Amino acid sequence: MASVIQVTDLRKTYRLGALDVPVLNGVSLAVERGEMVSIMGPSGSGKSTLMNIIGCLDAPTSGSYLLEGEEVSRWGDARLAAARNQKIGFVFQTYNLLPRLSALANVELALQYGDRRNARARSLQALESVGLGHRYKHRPLELSGGEQQRVAIARALVKTPAIMLADEPTGALDTRSSAEIMAILQRLNRDEGLTVALVTHEADVARHTRRIISLRDGLIVGDEPVAEPLQAQLAEGVPA
Amino acid sequence: MTLFALIGTALSSIGGNRLRTGLTLLGIIIGVAAVIALMSIGRGAQEEITSRIESLGSNLLYVRPLDGELTLDDALALVDPVFAPSIVSVAPEVSTGGSVTYRTTETFSQVAGVTPEFADVRNFEVASGEFISAAHVTNRKNVAVLGSQTAEDLFGERGPVGVDIAVSGIPFTVIGVLESKGGTAFGNEDSRVLVPLTTAFFRLSGQRTAEGAITVDLINVQADGERIDEAQQEAATVLRLRHEVTDADDFRVDTQQSVIDTLSEATGTLTLFLGAVAGVSLVVGGIGIMNIMLVSVTERTREIGIRKALGAKRRDILAQFVTEAVLLSIGGGLLGVGAGVVTSRVLDGFTLAGSELTTVFSGDIAALALVVSAAIGLFFGIYPAARAAQLHPIEALRHE
């Protein structure tokens, strides 16, 4: 079976006026089904750009990107949108929930552009799996930061994606909430076989995953397995 | 996305800012209400004119000179059981204008010289006194029958019968007052003064043909029942023979219906014109929608980014914003129809510059206004929606 993600010699150059700014200078890597990897690197290393391309939000300047064996790098808007809808689950640092909608409606939004069958039931189920089944009516502003990020995880989860991409998922959270989020991600990876890739600049967070890819100046400078991943402390009331 | 979900999403974001939505709607509401109110006034005028002309008698023909002359003898020749069996009766008219004075009160009105048949042919009843008789015509008597409006202008509540007045400086005795036929903004049968035809011709207008015959300006012809077309043919034939016409007629014969048609066409154009003027405010309302949609796209850039990250295609975003714009304009359109109906009801019977407005509301006006407002929402909604759809997902997600 093909790798979930297989990128080969991926390059991305932004044009700023007359200036060409290279951000990715030939990145090759593969992520297999069921892996939990972290991508580390200082700011400007190109990790966000790599994440955007893997997430089908952006197209590479050159190179190949196979998503579940399909070449994605030359796709147009409609096919990329469909790929985002069916194969990618995003979790952002700033949650990116719609403030007008309830937690449940935010989760349902992910199904609105694709397979709508049993949308409500599946959304409720996703909320329950992150321990927020009882708070589905609340709007984002009535929830804590940790809870909002759990709604975002439920939203990414509800479409059963090929891979969950988490961009600094704990960056805006306190220690306790961060532990909650990492515990949930670890459980989903361990029990449900969810493939997780997370971008972080915190070594502490990265050590919760089983493989660390280090990026610097648009190149991979390290790709190491983690011998003994840290297990996140489980908070009360959060299923793990 | 299903249409149902689209409408639900659009309604929830429209409802998110009530004041702004209300003000945007107001632009469309005013536009649609103005279209409906003004077109109702135009329709009202149209129906008023038609019914007023029909009240003159439905079996009437009008004969007018056309670069030639019509004489009193022409008129009398039309009453001919052999050549014109479909013509019942004729009422020739000589019209001039003039001042009508009673003591110090003066009014200007149309003065018509008529024969006794005029009352029958044109369906006039005398409210008080008597109508002009054959003897008055023969003897060129200085007697006058006043239209109800003229009588009121000169005499107020008093009865004018038997009183002396002056028409263009010549003394006349009032012998009767006509019943009111009702007037409109487009002319008034009630403000005329009727005098014997001979008196009008010799004393007031003083014109004459080369042969010394009495010329008339109009011949009212009454047809026998429904035989209007036959009467029109017969009148034309008789006059062609008398005038020895070889090519083009030097007169024209109009039926009541052709007069109604001509006037309806004119007022129909007026109605459309009024609607178009009001339509300008509808376009302004549409620009209001466009403005608010552009603001909304900017404010919701992040939302657009989130939706795109979750798998919304360009056309999903396009559909979402176009739906919002069209819902705004249709909502405004529906409220505007309500406001327009109320306005046209209120204006019905309202007196403007001395004449009473009549408004007629009909469903086709409302349907037209609704369709136009929906089209305006679509037209002015597409540009902001296209801008939203073209946003790059990453830039939209980074937007603060």
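A salt bridge here is a side-chain nitrogen of Lys or Arg within 4 Å of a carboxyl oxygen of Asp or Glu. By that rule, the count between chain A and chain B is 1 salt bridge. The pair is A:Arg100 and B:Glu303. Their closest N and O atoms lie 3.0 Å apart, so the pair falls within the 4 Å cut-off. Keep in mind that this is a predicted model.

Now widen the view to the whole interface. On chain A, 23 residues take part in contacts, and they meet 25 residues of chain B. Together the two chains bury about 2,100 Å². Carbon and sulfur atoms account for 57% of that area. Polar contacts are present too: 9 residue pairs across the interface qualify, with both partners at pLDDT 80 or more.

Which elements of chain A give two or more residues to the side that touches chain B? They are helix H2 (77-87) and helix H3 (103-112) of chain A. H2(A) gives the largest share, 6 residues. Sorted by class, this side of chain A holds 11 nonpolar, 5 polar and 7 charged residues.

Next, turn to a sheet in chain A. Four strands make up an open sheet, and their order is S2-S1-S4-S5 (chain A). The pairing is antiparallel. Strand S2 (19-31) and strand S5 (70-71) of chain A are the edge strands, each paired on one side only. Look at the S5(A) edge. There, strand S4 (residues 62-67) of chain A runs antiparallel to S5(A), and 2 bridges join them. One residue pairing can be picked out: A:Leu66 has A:Glu71, in S5(A), as its bridge partner.

How confident is the predictor? Start with chain A. Its mean pLDDT is 91, and 97% of the residues score at least 70. Among its elements, helix H7 (residues 203-206) of chain A has the lowest mean, 91. Strand S3 (residues 36-40) of chain A has the highest, 95.

Chain B averages a pLDDT of 87, with 95% of its residues at 70 or more. Where in chain B is confidence lowest, and where is it highest? The low point is strand S14 (residues 355-356) of chain B, with a mean of 71. The high point is helix H10 (residues 301-309) of chain B, at 94. The salt-bridge residue B:Glu303 falls within the residue range of H10(B).

For the model as a whole, the scores are ipTM 0.93 and pTM 0.74.

Conventions: Residues numbered from 1 in each chain as written. Chains lettered and ligands numbered in written order. Heavy atoms only, no water. Contact = heavy atoms within 4.5 Å. Buried area = accessible area lost by both parts, 1.4 Å probe. Polar contact = N/O pair within 3.5 Å; in protein donor to acceptor, adjacent residues only side chain to side chain. Nonpolar A, V, L, I, M, F, W, Y, C, P; charged D, E, K, R; others polar. pLDDT = per-residue confidence, 0-100. Pairing = 2+ DSSP bridges.
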